[in-house]
Amino acid sequence: RLLGEKLSASRVLYAEYDDENGLARIFNGWLAPGAQSFPPVLRFEDFEGDVLNDLRQGRAVRVDDVGRLGAESGYAAIANVGVQALLSPALLVDGKLKFNLSIHQHEPRRWSDDEVALVQDVSERLWAEVVRARAEQALRDSEEKYRSIFESIDEG
C-alpha cells in the first residue's frame, strides 16, 4: 500500500514464476480505489516477447507508455489487462526468474531513476521476507509433525 501510494500507482502486485509449467502466479498486493484486480495466473505463452525476455535476463521492465510500443512488441497482452505504464524489476534466483514486483499505472507516466531504484530495493526486501516466512512455516509444520508422532508414541 505504501509503495503504491508513494508512486501514485493503480496497482502493486508480485509474481512468482514456474518455468516448469510455463506459468506466473500473481498476487495482488495493493489496488488503488477503482482499480481492477489482475488475473491470478498468467501463461508465459500469452506474454512472450520483450517483457518476459527482459525479466528472464534480470533486467527491470520500465515502460512509460505501453500504447506506443505496438502489438508486435509483446506488450499487447499487458495493455489488455489495463496497464498503460509498467515498472517491474526482476529477481533471479540461481540464474532463473523467480519473482518480480510490478507497479502498474492505468495511464502513461514517466518512471524516474529514483522510482526504479526504490521498487528494486522493495522487491529484494519483499522476496527475502517471503523466503524467511516460508522457512519459518516449514519449521513450524515440521515441529508439529514430530510433536504429533511423539505424542502418539507416548499414548501407545
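# Strand pairing and aromatic contacts

Strand 4 (residues 61-63) and strand 5 pair in the antiparallel sense, over three bridges. The model is predicted.

## Exercise 1: strand 5 and its neighbours

Find the partners of strand 5 and name a residue pair for each.

**Solution.**
1. Take strand 4. Its pairing with strand 5 is antiparallel. Val61 stands opposite Ser88 of strand 5.
2. Take strand 7 (residues 96-105). Three bridges join strand 7 to strand 5, and the two run antiparallel. Here Ala85 stands opposite Gln105.

## Exercise 2: the side chains of strand 5

Sort the residues of strand 5 (residues 85-88) by the way they point, and decide whether they are buried or exposed.

**Solution.**
1. Start from the general pattern. Side chains in a regular strand alternate between the two faces of the sheet.
2. Sort the residues. Ala85 and Leu87 point one way; Leu86 and Ser88 point the other way.
3. Check burial. All of these residues are buried.

## Exercise 3: the pair Tyr14 and Phe27

Four aromatic pairs turn up in a search of the whole structure. Classify the pair formed by Tyr14 and Phe27.

**Solution.**
1. Recall what is needed. The distance of the centres and the angle of the planes describe a pair of aromatic rings.
2. Apply both. The ring centres of Tyr14 and Phe27 are 4.9 Å apart and the planes are at 20°, so the pair is stacked. The cut-off for stacked is planes under 30 degrees apart.
3. Place the residues. Tyr14 is in strand 1 (residues 11-18) and Phe27 in strand 2 (residues 23-31), so the pair ties together parts 13 residues apart in sequence.
4. Compare accessibility. Tyr14 has 19% relative accessibility and counts as buried. Phe27 has 33% and counts as partly exposed. The cut-off for buried is under 20%.
5. Widen the view. Tyr14 and Phe27 form one aromatic cluster with Phe99 and Trp127.

## Exercise 4: the pair Tyr17 and Phe44

Classify the pair of Tyr17 and Phe44, then locate both rings.

**Solution.**
1. The centres of the Tyr17 and Phe44 rings lie 6.0 Å apart with planes at 35°, so this pair is tilted.
2. Tyr17 belongs to strand 1, and Phe44 to the loop between strand 3 (41-43) and helix 2 (50-56), so the pair ties together parts 27 residues apart in sequence.
3. Both Tyr17 and Phe44 are buried.

## Exercise 5: charges over rings

Which rings have Arg109 and Lys145 over them?

**Solution.**
1. Arg109 lies over the face of Trp111, 4.0 Å from the ring centre.
2. Lys145 has its charged end over the ring of Tyr146, at 5.8 Å from the centre.

Key:
Residues numbered from 1 in each chain as written. Predicted model: local features only at pLDDT ≥ 70, side-chain atom pairs only at ≥ 80, totals over all residues. Heavy atoms only, no water. Buried < 20%, exposed > 50% of the residue type's maximum accessible area, 1.4 Å probe, protein only. Helix = DSSP H or I, 4+ residues; strand = E, 2+ residues; numbered from the N terminus. Pairing = 2+ DSSP bridges. Phe/Tyr/Trp six-rings, centres within 6.5 Å; stacked < 30°, edge-to-face > 60°. Lys NZ or Arg CZ within 6 Å of the ring centre and 35° of its normal.
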